[in-house]
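Hi everyone, thanks for squeezing me in. I'll put the structure up on the screen and then walk you through the parts I'd like you to look at.

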Amino acid sequence: MTDGEQHVLIIDDEAQIRQFIRAGMELGGYRVSEAANGNDALREITLHPIDLVILDLALPDIDGSELLERIRAWSTVPVIILSVRAGETEKVKLLELGADDYVVKPFFMSELLARAKVVMRRQSERKDGESALRLDRLVIDFAARTVALDGKRLNLTPKEYRLLQVLAQHPGKVITHQNLLKTVWGQAHVNNTQYLRIFVRKLRQKIEADPNRPKVLLTELGVGYRLNDPTARDPIRTE
Amino acid sequence: MSIERSALPLEGVDDRARLGSDVRWLTLASLKRDFDIGRIWMRKAMAPGGVIGVIMALVFVVATDAFLLLMRYIHELPPVALTFLIPIVVAAIIWGTLSAAVTAIGGAASLTFFFYSPFYTNSADSRSRVLGVVVFLIVSLVLGYLAARTRRDAARALKRENEIRDLYTFSQRISSAHSPSGIFEAMQQHLGTLVGRKVLLFDSLGTLEAKSERLGDEDIPEAVTAAVSKMQVAGTVGSKHIVVDDDRGSAWLVRPVSTNTADFGVIAVDLGRRSEVFDDLRARVVALIGDAGQSLERLGLARTISEARTRAETEQFREALIGSVSHELRTPLSSILGASTVLALAPEVTGNPRLKKLAALIHQESERLNVEIQNILDASRISSNGLQAKLEWAEPSDFVNAALQRCRNRLASRTVEVTLPEELVLLRIDSVLMERALGQILDNAAKYSPPESAIAVRGQSEGGQFAISVTDQGAGLDADDRVLLGQKFFRGNRHSQVTSGLGLGFWIASAFVAANNGTVEATSEGVNKGMTVTIRLPLSMKESHKD
């Protein structure tokens, strides 16, 4: 796929921020539109085909999380949140509302570009409906429900496979603890983080070279986990 | 000893005499500071109607007789009745009415016995002489009474003046006092002057808080302690004063400083022996304590209000400051940092080594600024107790990796050796805070050790704890550092010129670890021998493996 045709919308009330993100995105080969407030942003999204939304939470007219909800009501466009508030509770809330990723200000342009690339690739892969996910040495075959490392099939328990599958459905995206617990163990266990820790550890022992220094199944402190492709040229920096 | 409620009956003592005697008592009290049995006796004897007054009256009579007889022998008898008026007036002024009356009667007797013929007999032989003696007696009694009254009035005026001056000073001190101790001091001093005796102040728990100097090393009378504790038990609020007698015969007034609150404690004043002046004195002491108590209440209320207001304002200011720091400083910083990273990507810059270096410089410095802003925000959160750890089961390797990732730029030139246990360890921690704490420690290790040196990070279970240690090969600690490390804004003297930073790092790390129920310890073999910082977190194996 070519990035040149992809259209990024930057929603931020600070002109300086929009300015450097635009410069960075254009350097990355994207087409860029800007919106300084929520209403302009909504109009922009409805009028033009947008491939990625970069949304600052502090907007003069509509609260950022409300705008996210409104967009999610009818669109699956990838959304990356920009925020100066770095609270984990807030990140969890935004991910639950449907944000694809978040970046805490101040941030590096390279980081934003890497995340933009990941969420847009995920979006296009979702459209393609691939039946397998390859992450370096790891291959997850959704159709056959098998996982292989270096071509060797791994013996995963049903819970381990389910956990990996939920993460692999959205590679690169942070899946919150609550979301994983709810999907894999059920609503009743939504607060039993220790289940998750134990199974993540077991999974890492099977899929990682060094479970103490994971490269694929990454921890997002206080928020959740994400699957990372270690071969990607711009590895995602956890903030 | 008896404890009785405040009604002490007045037993037919003439009001004026009572006030007059009060003056005498107080004047002498202020002259004679010592307090022993002899002086008490002296005071009583010197008081109007006392033995001394009567004896002195008789001495006067004898002296006047001697003088008159002498005069008659040398020259010629002066007017006898008139001469006798002199000692009468003197006795009236010094010892009062009784003494004057005795002198007058003695004078009348002398008149009859010595100076009206027939000499040395007591038989008046003519009516006119009897009349003369009677007239003399009436005149001298009236004169004596008038003289004594004049002196009393003058003394009373003086005493009132002193009282008013004292009260004025007292009210001035009370109104200018800005602390309870100032009011207590004023009250104690005033009571000390007024009563000339001892004052004791007990706090709201019944322990002695202050006592007047006059008490010296004397023990506090048991009766007083008993009354105070009784008052504590009953609850001082609303209770009135009580009067108790100690074993020396002194009466003590015991009263809560304020009748509305127990907070100001109980005051005990020694009123002295129960004399006829007792009720008046007691009434004035009670009124005075009442005034002081009201002032204290006003002050207490005012202070509570102003403290609450100050707290609220401080909190508001802190919130505003944190808000504006995070917004007003971080927004432009975000643009600078972001723009510098865009520059670093631009082909025009990447192709030009000089520009590339400059872009990297802007990038590095703005990142450093960002770290310091974050440290200040963290420090203010810690100082205002705004730190809330969200404890969850978590793997130590997660926050160790995150901290290493965060510090990867600083640690770029080092070999970082990480050793973590093979088995699963679960700790009940706030991973985000732990990552920040370890980040600060790694940052310090990088800052104070040579650029190419190695840093070792080790995690292992030790007894009931999980210990994570960071060992560098850097500057180490000297004796001063050991003492001061961990204080806010501390930076070793050796480093302040060489490295940047505010000196908040270790302090923040310690606070963050403490919020996770852990401890931080720094050890060093000495200067330039490197140091090891060890974080210890509680380990609870039983629960951590619950499946």
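Let's start in chain A, with β1, residues 7-11, and β3, residues 52-56, which pair in the parallel sense over four bridges. If you want a spot to zoom in on, take I10(A): its bridge partner in β3(A) is I54(A). Before I go on, keep in mind that this is a predicted model.

Now zoom out to the whole sheet. Five strands make it up, it's open, and the order is β2-β1-β3-β4-β5 of chain A, with parallel pairing. Which strands stand at the edges? Those are β2 (31-35) and β5 (101-104) of chain A; each has a single partner strand, so one side of each is left without a neighbour in the sheet. From one strand to the next, the twist averages 20°.

Across this sheet you'll see α1(A), which lies over β1, β2 and β3 of chain A and runs at about 165° to β2(A).

Hold on to α1(A), as we need it for the interface. Here 28 residues of chain A are in contact with 34 residues of chain B. On the chain A side, the elements giving two or more residues are α1 (15-27), α5 (109-128) and α8 (193-207). Which of them gives the largest share? That's α1(A), with seven residues. As for the chemistry of that side of chain A, the count is twelve nonpolar, nine polar and seven charged.

Back to I54(A) for a moment. Setting aside neighbours within four places in sequence, I54(A) is in contact with V8(A), I10(A), I11(A), I21(A), I80(A) and L82(A). The largest nonpolar core has 114 residues, and the members that touch the most others are I54(A) and L438(B). The element with the largest share of this core is helix α13 of chain B, residues 431-447, giving nine residues. There's another core apart from that one, with 34 residues, including L201(B), A223(B), V269(B) and L296(B).

Okay, over to chain B. It has 16 helices and 13 strands, and of its 547 residues, 33% are buried. If you take the contacts in chain B between residues at least 6 apart in sequence, 66% of them join residues at least 24 apart.

The sheet I want to show you here is also open, with five strands in the order β8-β10-β11-β13-β12 of chain B, and its pairing is mixed. At the edges we have β8 and β12 (519-524) of chain B, each pairing on one side only. Ignoring direction, neighbouring strands in this sheet are turned by 15° against each other on average.

Let's go through a couple of its pairs. β8(B) and β10(B), residues 454-462, run parallel and are joined by five bridges. Within that pair, V416(B) stands opposite I455(B). Is β8(B) buried or in the open? Of the five residues in β8(B), 415-419, the number buried is zero, so this strand lies largely in the open.

The other pair is β11 (465-471) with β13 (531-538) of chain B: seven bridges, running antiparallel. There, V470(B) stands opposite V533(B). And α13(B), the helix I brought up with the core, lies across β10, β11 and β13 of chain B, at about 25° to β11(B).

Next, two helices that follow each other in chain B. First α4(B), residues 80-95: at 1.5 Å a residue, its 16 residues should span 22 Å, and the end C-alpha atoms are 23 Å apart, which agrees. Buried residues in α4(B) include F84(B), L85(B), I88(B), V89(B) and W95(B). After α4(B) comes G96(B), with a positive phi near 95°.

Then there's α5(B), residues 97-115. Its 19 residues should span 27 Å at 1.5 Å a residue, and the ends are 25 Å apart by C-alpha, which agrees too. Among the buried residues of α5(B) are T97(B), S99(B), V102(B), G106(B), G107(B) and L111(B).

Last stop: E365(B), which sits in helix α11 of chain B, residues 353-383. Where does E365(B) fall on exposure? It's partly exposed, with 14 other C-beta atoms within 10 Å. From E365(B) to L337(B) you go 28 residues in sequence, but 8.8 Å in space, C-alpha to C-alpha.

That's my tour, so over to you.

Note on methods. Residues numbered from 1 in each chain as written. Chains lettered and ligands numbered in written order. Predicted model: local features only at pLDDT ≥ 70, side-chain atom pairs only at ≥ 80, totals over all residues. Contact = placed C-beta atoms within 7 Å. Nonpolar A, V, L, I, M, F, W, Y, C, P; charged D, E, K, R; others polar. Pairing = 2+ DSSP bridges. Axes fitted to C-alpha atoms, helices over the stretch in contact; angles between N-to-C directions. Buried ≥ 20, exposed ≤ 12 C-beta atoms within 10 Å, placed from the backbone. Core = buried A, V, L, I, M, F, W, Y, C linked by C-beta atoms within 7 Å. Expected span 1.5 Å × (residues − 1).
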